[in-house]
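Good morning, and thank you for making the time. I should like to take you through one model, with attention to charged side chains, the contact between chains and backbone angles.

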Amino acid sequence: MFDIRVQPADFDLSTETALIRSRHRDVGAIASFVGVVRDTNDGTGVSEMSLEHYPGMTEAALKKIVDQAAARWNVIDATVIHRVGTLMPTDQIVLVVVASRHRGHAFDACEFIMDYLKTDAPFWKKETTPEGSRWVDARTADHDAQQRWKQT
Amino acid sequence: MLKVLYFASIREALGKDSEAVELPADPTVAGLIDALRARGGIYAEVLAANRRWRVAVNQDMVGLDGPLQDGNEVAIFPPVTGG
């Protein structure tokens with residue numbers, strides 16, 4: 001069972017990797033990604049970020065993404081934590097941890113999960129800038145990053 | 001009836017996060033979008049063909065041809081921006 005959490009609270013990478021190591025003796029590689037709130041976006045200063053999501057669908061969408069990764073690579077365990085609510089620059093926003101027998105699978109599955117999370121998981125960012133608050137636009141680059149995993 | 005949910009910029013523009021909507025004569029996502037656009041005003045503006053929005057039925061993203069049934073939960077939202 002993979003560990004998927006959507007929460008306002010912060011998380012700790014070391015705690016999460018230790019938890020995964022304690023559960024398995026066949027894990028040889030753990031890859032992780034931590035997303036952080038930047039203080040600028042599209043050339044404008046960002047003083048605060050708020051995250052809205054679709055309760056219920058969010059968890060289901062994340063589970064589906066991790067299941068897809070596990071069908072494609074050796075994924076012994078995985079943890080995905082995404083924060084919601086109000087966040088400040090330098091705050092952690094998302095964590096993906098993937099444990100496999102070998103590093104290649106862990107790296108690929110971790111990147112795949114992040115790329116799909118960007119296009120398929122129902123989260124929306126609103127940032128506060130000196131000109132007021134604005135909803136963040138979806139990026140074509142994120143769509144392209146997801147598309148490259150499509151199998152031909 | 002359908003339970004229609006709105007999120008993020010669409011929720012703000014419409015000034016509501018949900019409403020009950022009659023199952024349209026054409027029971028598809030396209031039929032629902034047409035029915036909402038026909039209300040005119042902010043609905044027609046927010047759901048214009050050249051604006052970007054996505055639809056999920058019972059918490060699964062679907063295309064315009066997605067079928068609808070009475071009791072479905074339909075969510076309309078802008079492209080996602082998490083991570």
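**Salt bridges, interface and backbone**

Let me begin with a network of salt bridges that links D3(A), R5(A) and E16(A). Please bear in mind throughout that this is a predicted model. Within that network, the side chains of R5(A) and D3(A) meet in a salt bridge, at 2.9 Å from N to O. R5(A) has a relative accessibility of 24% and therefore counts as partly exposed.

Over all chains, a search of the whole structure finds 14 salt bridges. Another of interest joins R83(A) to D10(A), with the closest N and O atoms 3.5 Å apart. This pair links distant parts of the chain, 73 residues apart: R83(A) belongs to strand β6 of chain A, residues 77-83, while D10(A) sits in the loop between β1 (3-7) and α1 (13-23) of chain A. How do the two partners stand in terms of burial? R83(A) has a relative accessible area of 9%, so this arginine is buried. D10(A), by contrast, is at 46% relative accessibility and so counts as partly exposed.

In chain B, a salt bridge is formed by K16(B) and E19(B), whose closest N and O atoms are 3.5 Å apart. K16(B) is partly exposed because its relative accessible area is 30%, and E19(B) counts as buried because its relative accessibility is 16%.

I turn now to the interface. How much area do chain B and chain A bury between them? The figure is about 1,800 Å², with 56% of it on carbon and sulfur atoms. Chain B contributes 20 residues to the contact and chain A contributes 25 residues. Three salt bridges are counted between chain B and chain A. One salt bridge brings together the side chains of D60(B) and K64(A), at 3.3 Å from N to O. There are also 14 residue pairs in polar contact between the two chains, counting pairs with both residues at pLDDT 80 or more.

Which elements of chain B each supply at least two residues of the side that touches chain A? They are α1 (8-14), β4 (60-62) and β5 (73-77). The largest share, four residues, comes from α1(B). By character, the residues on that side of chain B divide into 10 nonpolar, five polar and five charged.

One residue deserves separate comment. E73(B) lies in strand β5 of chain B. This glutamate is buried yet has no salt bridge. The nearest side chain of opposite charge, that of K3(B), is 4.3 Å away, and the cut-off for a salt bridge is 4 Å, which means that the pair does not qualify. The side chain of E73(B) does make a polar contact with the side chain of Q59(B), at 3.4 Å. Leaving aside residues up to four places away in sequence, E73(B) touches Y54(A), and within chain B its contacts include K3(B), L5(B) and N58(B).

Finally, the backbone. Most residues other than glycine have a negative phi. T90(A) has a positive phi, near 80 degrees, and is placed in the loop between β7 (85-87) and β8 (92-100) of chain A. At 66% relative accessibility, T90(A) therefore counts as exposed. N58(B) also has a positive phi, near 50 degrees. N58(B) is found in the loop between β3 (54-57) and β4 of chain B and, at 46% relative accessibility, counts as partly exposed.

Note on methods:
Residues numbered from 1 in each chain as written. Chains lettered and ligands numbered in written order. Predicted model: local features only at pLDDT ≥ 70, side-chain atom pairs only at ≥ 80, totals over all residues. Heavy atoms only, no water. Contact = heavy atoms within 4.5 Å. Buried area = accessible area lost by both parts, 1.4 Å probe. Polar contact = N/O pair within 3.5 Å; in protein donor to acceptor, adjacent residues only side chain to side chain. Nonpolar A, V, L, I, M, F, W, Y, C, P; charged D, E, K, R; others polar. Buried < 20%, exposed > 50% of the residue type's maximum accessible area, 1.4 Å probe, protein only. Lys, Arg positive; Asp, Glu negative; His and termini not counted.
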